[in-house]
Structures are given as C-alpha cells and as structure tokens.
Amino acid sequence: MANRTLTLSTFRYNPYDPDLGPRMQEYILEETPRMTLFTALTRIREDMDPSLQFDFVCRSAVCGSCAMLVNGHPRLACRTRTDQLPTKINLHPLPFFRLIGDLSVDTGSWFAEMAHRVESWVHTSKAFNPDGEEERMSNDQALSVYELERCIECGCCVAACVTAQMRDDFLGAAGLLRVARFWIDPRDQRTDADFYDVVGTDAGVFGCVGLLACHDYCPKNLPLMEQLAYLRRRIMLASLRSAVGKKERQPKEPEAVP
Ligand code: FES
C-alpha cells in the first residue's frame with residue numbers, strides 16, 4: 001500500500017515574539033510505517049523547521065511531556081500512531097497550562113503547585129530512623145497505592161476537564177487522585193477532617209461536574225472516575241460522622257478502589 005501524505009497543521013506562537021501573532025502552519029510529509037506523531041514532529045524539526053517547539057523526553061509514555069491536542073483531543077504524541085488518524089492532523093498546545101511556545105506548555109509549575117496544595121507527602125509524627133526497617137503494609141494496600149502512583153503528570157486529564165477551563169484553582173483529576181493516593185496510605189496519619197480541608201471545596205471534589213473526560217483521555221488508563229467516587233464517599237462519611245457524633249453507630253469505611 002502506498003504511503004499516505006500527511007498534512008500537519010500546527011499551532012505556532014512564541015510569547016517572546018508577540019509581533020508574530022498566533023497562527024497555524026502546515027507541514028507536509030510522507031507517512032512511514034508505524035510512524036508516531038512524535039516521529040513526525042521530530043522529522044519536521046530536523047528536516048524542515050528547527051524553530052518548531054514541542055516537548056519530549058522518554059518517547060515511551062513515561063515522562064508525560066509530549067501531551068498536546070490532536071484534532072481537539074488531549075493525547076501523548078509519542079503514543080499516537082499517525083495511521084490511526086486522518087491525513088489532515090491539527091495540533092494545538094494543551095489548554096489550561098502556561099504556553100511556552102508552539103506546542104510546548106509548562107505543566108511542571110502547575111503540578112508542583114498542586115502537590116504543595118494537597119501536601120503530597122506522607123504525614124506522620126514518627127521520627128525517621130535511618131537504621132530502622134521499612135514500614136510494612138499488606139500486598140493489597142501496596143498494590144492500591146502503586147496503582148495511584150502511575151500518574152505521569154502529562155496534564156491530559158486537566159486539559160480535557162471542563163471545570164478546569166472555567167476555574168484555574170480546580171485541583172483536577174490529577175490532584176484528586178493524589179489526595180486519594182495518600183488517603184489510602186496506611187502510613188499517612190492525617191484524619192478525615194484534614195483531608196476534607198484539602199478537597200471538600202468547589203476547587204476539589206465538589207467542583208467536578210461529572211462529565212469525566214479526564215477518565216476518557218487519561219493515557220495511562222488510571223481509575224479516575226472510581227477515585228472521584230471514592231473521595232466523595234469518604235467526604236460524605238466524614239461529614240456524617242461529625243454530624244451523628246460518637247454515640248451513634250459509625251458508617252462503614254469505603255474500600256480503596258484499585
Ligand atoms: S515523550 Fe515521554 S510521554 Fe511522550
């Protein structure tokens with residue numbers, strides 16, 4: 001079968017050169033077998049236009065840096081095969097994040113600030129003993145924590161989120177997932193009330209309007225929908241507990257969703 005000819009219509013804008021306003025630029029190239037968008041963009045940059053900005057590090061869906069809008073959908077360029085797309089491909093930078101230039105955005109600053117807001121570390125009063133043994137947890141608990149650690153911080157979930165487009169303080173699915181990760185960690189000594197303070201607001205679980213595009217577009221297939229439900233159940237139970245007081249029967253703890 002003859003190779004297809006691809007037209008990559010690519011967003012161009014350099015905030016440091018505002019005289020040249022935002023525009024679309026077309027690049028035409030021959031498709032090669034098993035070509036990915038990352039390969040196509042690299043060929044463009046090497047053979048046609050060295051000024052084209054886009055990010056990549058790992059080329060294997062691990063670092064999360066190559067996310068962009070592909071025909072309007074958030075995807076990883078290194079994981080998207082061109083033969084699964086039409087010959088006309090529109091590329092834009094992820095919305096929501098600060099634009100660095102062309103297809104490159106600054107996801108790192110947002111993820112660092114989010115991690116700070118949700119206090120993304122194990123809170124414990126135990127003193128660190130460098131000679132001590134590692135703290136044990138069951139295999140099931142370890143697997144549940146590991147499952148939520150698989151986020152590569154690409155930003156696809158936030159870019160797909162309608163709430164994030166309307167309010168820039170929204171924690172997004174990535175932030176909520178991070179909270180769930182520590183809430184199920186048996187080493188973290190934060191109370192339900194502590195976690196409620198972090199996510200029990202419109203910038204947290206109550207801001208989600210339930211369209212769940214985050215779940216649809218996560219390139220790592222993380223259980224974002226289940227974690228949102230898990231957080232909402234735990235928040236509801238935390239509220240119920242404080243309402244019914246200690247003398248009533250306590251509602252049953254929801255199980256972590258792998
Ligand atoms: S280059 Fe690392 S995820 Fe695509």
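Which strands do the buried residues of α1 pack against? Keep that one in mind; the answer comes in point 4. One thing before we start: this is a predicted model.

1. **The chain as a whole.** Let's get our bearings. The chain has nine helices and seven strands. Its C-alpha atoms fill a box of roughly 75 × 40 × 35 Å along the principal axes. Of the 258 residues in the chain, 31% are buried. If you take the contacts with a separation of 6 or more, 64% of them involve residues 24 or more positions apart.

2. **Two domains and their contact.** The domain assignment splits the chain into domain 1 (5–105) and domain 2 (118–244). Taken over C-alpha atoms, their centres are 31 Å apart. The contact draws on 14 residues from domain 1 and twelve residues from domain 2. Which element gives the most to the domain 1 side? That would be strand β4 (residues 73–76), with four residues. By class, this side of domain 1 has ten nonpolar, two polar and two charged residues.

3. **The five-stranded sheet.** Now find the open sheet with the strand order β2-β1-β5-β3-β4 and mixed pairing. Its edge strands are β2 and β4, each of which pairs on one side only. From one strand to the next, the twist averages 35°. Try zooming in on β1 and β2: they run antiparallel and are joined by eight bridges. For a pair to look at, take L8, whose bridge partner in β2 is Y27.

4. **Helix α1 on the sheet.** Back to the opening question. The buried residues of helix α1 (residues 37–47) are L37, A40 and L41. Seen down the axis of α1, these residues fall within an arc of 95°, so they line one face of the helix. If that spacing puzzles you, remember that an α-helix has 3.6 residues a turn, so residues three or four places apart point the same way. And the answer: the buried residues of α1 pack against β1 (5–12), β2 (23–30) and β3 (67–70). The helix makes an angle of about 100° with the direction of β2. Turn to the other side of α1 and you'll meet E46 and D47, which are exposed.

5. **Helix α3, a second example.** You can repeat the exercise with helix α3 (residues 139–148). Which of its residues are buried? They are S144, V145 and L148. These residues cover an arc of only 95° around the axis, which puts them on the same side of α3. What do they pack against? The buried residues of α3 pack against α6 (172–183). On the other side of α3, the exposed residues are N139, L143 and Y146. Notice that L143 is on that exposed list, while L148 is on the buried one.

6. **Q141, somewhere in between.** Stay in α3 for a moment, since Q141 sits there too. Is Q141 buried, exposed or partly exposed? With 15 other C-beta atoms within 10 Å, Q141 counts as partly exposed; a residue needs 20 or more to be buried, and 12 or fewer to be exposed. You can also check a distance here: Q141 and R234 are 93 residues apart in sequence, and their C-alpha atoms are 17 Å apart in space.

7. **Two backbone angles to check.** Most residues other than glycine have a negative phi. Two residues here are worth a look with that in mind. A61 has a phi near 60°, a positive value, and is not a glycine. Where is A61? A61 lies in the loop between α1 and β3. A61 is partly exposed, with 15 C-beta neighbours inside 10 Å. The other is F96, with a positive phi near 80°, again in a residue other than glycine. F96 lies in the loop between β5 (88–92) and β6 (98–101). Around F96 there are 19 other C-beta atoms within 10 Å, so F96 is partly exposed; to be buried, a residue needs 20 or more.

Key: Residues are numbered from 1 along each chain as its sequence is written. This is a predicted model: local features need pLDDT of at least 70, side-chain atom pairs count only at pLDDT 80 or more; totals for chains, interfaces and linings use all residues. Domain bounds come from an automatic or database domain assignment. Two residues are in contact if their C-beta atoms, placed from the backbone, lie within 7 Å. Helices (H or I, at least four residues) and strands (E, at least two) are DSSP runs, numbered from the N terminus. Ala, Val, Leu, Ile, Met, Phe, Trp, Tyr, Cys and Pro count as nonpolar, Asp, Glu, Lys and Arg as charged, and the others, Gly among them, as polar. The arc is that of the directions from the helix axis to the C-beta atoms. Two strands pair if DSSP finds at least two bridges between them. Axes are lines fitted to C-alpha atoms, for helices over the stretch in contact, and angles run from 0 to 180 degrees between N-to-C directions.
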